[in-house]
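Reader: I would like to go through the terms used for this model and see what each one rests on. Please set each value against its definition.

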Amino acid sequence: RLAKAAFGSRDDLKLSINAVEVLKRRYLLKNEARRVVETPSELFGRVARHVAQAEADYGSPAAVEEAQRRFYEMMRSLEFLPNSPTLMNAGTRLGQLSACFVIPVDDSIEGIFKALGEMARIHQTGGGTGFAFSRLRPRGDVVASTQGHASGPISFLSIFDKATEIIVQGGKRRGANMGILRCDHPDVVEFIEAKGRRGVLTNFNLSVGITDKFMRAVVNGRDFALVNPRTGRPSGRIKAGALFDMMVNAAWRTGDPGLVFLDHINRHNPTPQQGAIEATNPCGEVPLLPFESCILGSINLARMVAEGRPRRAAATVDWDKLRDRVHWGVRFLDDVIDVNRYPLESIADVTRRNRKIGLGVMGFADMLIRLGIAYDSPQAVTFARRLMRFIHTESLNASAQLARDRGAFPAFRRSIHAQGGRRLRNATVNTIAPTGTISIIAGCSSGIEPLFAVSFVRHVLSGTRLFEVNPWFERIARERGFYSRQMLADVAASGSLTNVKGIPPDVKRLFVTTFDVPARQHLEIQAAFQKHTDNAVSKTINLPADATVDGVREIYLAAHRLRCKGITIYRYGSKSEQVLSMGEPN
Ligand code: UDP
């Protein structure tokens, strides 16, 4: 199970077989014959060397070396990883290091196809793109140049989807997109239904851009005006409750659309003088201005734990270690802004002006297990809030220190931070990313999600089937004396511990898996992290197959009340291309 098996004596880094597979396929550099030419340790060396170059503008050669060493150690120990494009592209000719972009779409054929071209450029480099289509005139509206009828935002969506399909990102991964339409756009009903048929718009997440006015109309049972964005005039009225029900029904059926709460997002827009935020990146965790990009990095919480003494006592958070990694993580991401090669001049401008970064976490479920806290408990929510408050405070401290050493971000004086008394290097500091791939590399639970399964069979490329067991479960099973092959096989068959005999109740409680966590608890955890995250939180509210439409409505309403910036649900089995399935992930 070690990387050694794959890289001989060249690398002594301990990685899971899965991590090695992922790295070999898409991250490690290859020569022209497509042979892998670096080891995982060399990859981290390449990234550390490249990113630390930024330090030369601010410090002595010794400081550059120190930063490079710390970056390398932090990645190699799998305590911190930057988003995938940084791992793939640092120190290469491409050199594009950000995962998240927002591209504006103007209401003209020229504007639409300009955005399409910009999307293509970004996808080529491994970035994901978000768009608001809200400014496009509705279907059937007048087109002055041709005296014809406009085809409307939803028809253009499919062009973006198709183009995404064709441009496989740098040969490494297909682009991901977020499409947003405001709730008061005349085509909103069509938008809500846009992913109703299987296999359409598969490269898009869709979210309705929700306003507070709309939510008030829903709650009070009132009508709501739809507005033509071209004229600014109302084009009809609709019962807000009925429109909301359409969103809820479609989400129950297909998982789309999610909601993004635009007013709440804009109340926290750090740079309102530069305009309103109308969209987010593909998975919703970074609200961005038009042409803004953001670089993400995540700390592996499973490795921020101090072992309990004596051995069986629950472990505790290693707060000093966490503080140190937060400071170096912020510094790493701030350096990336300097060495990044931007796909467009407009993106370079906005990104360098605000210097947004998104430091977050992965391995939260693993950490809870090690601390002896059940994900599905009130303590988990309280702890999540405390943990994220600490990370946010320390991230701001780190950014303030960088501002003293390097200067505040250029737009600081006209930002909301100018009233705050201390200068900051970055307009935002924290984001909770999905960490879909980097959590596999780090071998931890993804983002702030619960465990997907305790044990499962994984099919690997060669056709072999691998038995994967959560390492913390295996360890506890051995320590507490209920380990057996039969027990593991039983767990693998169902993915969950619920019906397996011989496992103590407290262990069952600790290893709760995602579809056994009540939806409300998923949401409470999301809201707890959001409370101390200046960007947003990527979280999927997983629901069992038999969840009801009313259950979905309750979650969508509660997400707004709890001040989440967005909400996404997924009901088991409701999508044909499910990434992971019980018993047989991937
Ligand atoms: N992303 C993308 N394509 C993908 C996966 C991710 O463009 O196939 C972008 C997207 O903006 C997403 C962000 O990367 O919101 C972060 O996703 P994640 O944390 O899962 O990426 P990782 O760094 O683990 O690959």
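Reader: What makes the approach of Ile-438 to the ligand a polar contact?

Author: A backbone N or O atom of Ile-438 lies 2.9 Å from an oxygen atom of the ligand. A polar contact is a pair of N or O atoms within 3.5 Å; within protein, one must be able to donate a hydrogen and the other to accept it, and residues adjacent in sequence count only if both atoms are side-chain atoms. The Ile-438 pair is therefore a polar contact. For Thr-437 the backbone distance to a ligand oxygen is 2.9 Å, and for Gly-436 it is 2.8 Å.

Reader: How much of the ligand does the protein cover?

Author: The protein covers 90% of the 520 Å² of accessible area that the ligand has on its own. Such areas come from the Shrake-Rupley method with a 1.4 Å probe; for residues, only the protein chains shown count as cover. This is a predicted model, in which local features need pLDDT of at least 70, side-chain atom pairs count only at pLDDT 80 or more, and totals for chains, interfaces and linings use all residues. Residues are numbered from 1 along each chain as its sequence is written, and side-chain values use heavy atoms, with hydrogens and water left out.

Reader: Which residues around the ligand come nearest?

Author: Of the 19 residues around the ligand, Ser-84, Asn-281, Glu-285, Thr-435 and Gly-436 come nearest. A residue is near if one of its heavy atoms lies within 4 Å of the molecule.

Reader: Why is strand E15 called largely enclosed?

Author: Eight of the eight residues of E15 (residues 293–300) are buried, so the rest of the structure largely encloses this strand. Buried means under 20% relative accessible area, exposed over 50%, and partly exposed in between (1.4 Å probe, protein chains only). Strands (E, at least two residues) and helices (H or I, at least four) are DSSP runs, numbered from the N terminus.

Reader: What makes E15 and E18 a pair?

Author: Two strands pair if DSSP finds at least two bridges between them. Six bridges join E15 to E18 (residues 357–362), and the two run parallel, with Leu-296 opposite Gly-358. E1 (residues 80–82) pairs with E15 in the antiparallel sense over three bridges, and Pro-82 stands opposite Gly-297.

Reader: How do you know that Ile-369 is buried?

Author: Its relative accessible area is 5%, and the limit is under 20%, so Ile-369 counts as buried. Ile-369 belongs to helix H14 (residues 364–371).
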